[in-house]
Amino acid sequence: GIGGYFGLLPGEVFTLYGRAKGTFQDPNVFGPFLALPWAFLLHGLLTRPFREMLWPALALAVLSFAILLSFSRAAWGLAAFSGIGIYALVFITATDGRQRARLLAIGAVAALAVVAMIVVALSVESISGMLLQRAKLVQDYDTARLGRFARYALGFQMVVDHPLGLGPLQFRNFFPEDEHNTFLKAFTTYGWLGGVAYLALVFFTAKQLSGLIFQPRAWQGAAQCVFVVLLGHMLMSFIIDTDRWRHLYLLYGLAWGLIAAEYSLRARRRDRTCMRSLM
């Protein structure tokens with residue numbers, strides 16, 4: 001994505017509308033896709049000794065720059081949400097004062113690094129214009145007559161009138177664009193039953209995975225990263241159609257894999273306890 005943006009790779013295969021998109025169809029998918037590896041690298045920086053931080057820090061800087069060049073408000077928000085969330089979880093689960101003091105120092109350096117990256121980006125003319133344009137919280141197409149926000153209200157009215165749903169890709173026959181709200185889309189596409197089923201998936205995944213983030217396990221770090229990034233995607237689903245993002249289902253799969261590992265561990269512990277009581 002970075003190479004395509006700066007013209008280091010031939011053609012415009014890796015960019016779209018002047019934004020880095022890598023091998024994805026849309027920069028708004030490319031940026032959020034990078035959030036999980038970005039989160040793992042950040043978690044490693046926060047928990048590794050200083051002598052082992054160089055290469056993860058460089059990799060984190062590359063991914064941060066790629067997320068910036070996607071010019072995706074969703075990706076920027078997800079990275080900020082994931083960074084704050086992971087930092088808070090690591091700080092809360094730190095076992096001693098020295099570790100927390102180290103985290104405070106890393107947090108100060110990271111804040112300065114983010115400011116420096118933004119300043120450098122604004123100094124590059126080809127980046128600053130797009131950056132300032134995309135930094136607006138609300139774009140014109142959000143508040144237009146049949147824009148994103150108007151479609152939410154009209155879409156929920158259609159849900160009431162069509163309990164069995166409209167069917168896949170039918171919403172765009174009534175409006176200029178899709179729903180841009182995954183929860184609304186679940187109801188408009190699959191009806192009330194499908195909408196409730198999707199809400200149940202989101203709720204129970206978040207509930208089960210949240211129980212792992214404070215458990216001292218070998219996979220605690222992975223659980224914290226997956227939980228924060230997946231929670232960020234769940235929140236983004238209120239304003240974006242995330243149902244077509246393949247990496248979202250990768251996140252769900254990782255979440256339930258971690259949940260299954262926890263259940264397996266607890267089952268083995270129960271079996272050992274039962275064996276001891278029988279002996």
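This is a short chat about one pocket and one helix pair in a predicted model.

Student: Any ground rules before we start?
Tutor: Sure: the model is predicted, so local features need pLDDT of at least 70 and side-chain atom pairs count only at pLDDT 80 or more, while totals for chains, interfaces and linings use all residues. Residues are numbered from 1 along each chain as its sequence is written, and side-chain values use heavy atoms, with hydrogens and water left out.

Student: How much space lies in the second largest pocket?
Tutor: About 960 Å³. A pocket here is an open set of points on a 1 Å grid over the protein atoms alone where a 1.4 Å probe fits, with protein on both sides within 12 Å along at least five of seven lines. The volume is the space filled by probe spheres set on the points.

Student: Which residues are closest to its centre?
Tutor: Trp38, Ser64, Ala110, Ala113 and Val114, out of 28 lining residues (an atom within 4 Å of a point).

Student: And which helix gives the most to that lining?
Tutor: H6, with 9 residues; helices are DSSP runs (H or I, at least four residues).

Student: What's the lining like by class?
Tutor: It has 25 nonpolar, 3 polar and no charged residues.

Student: New topic: how do H3 and H11 pack?
Tutor: Their axes, lines fitted to C-alpha atoms, are 9 Å apart at an angle of about 140°. H3 and H11 are therefore oblique to each other (not under 35 degrees, over 145, or 65 to 115).

Student: Which residues of H3 make the contact?
Tutor: Ala35, Leu36, Ala39, Phe40 and His43, where contact means heavy atoms within 4.5 Å.

Note on methods:
Helices (H or I, at least four residues) and strands (E, at least two) are DSSP runs, numbered from the N terminus. Ala, Val, Leu, Ile, Met, Phe, Trp, Tyr, Cys and Pro count as nonpolar, Asp, Glu, Lys and Arg as charged, and the others, Gly among them, as polar. Axes are lines fitted to C-alpha atoms, for helices over the stretch in contact, and angles run from 0 to 180 degrees between N-to-C directions.
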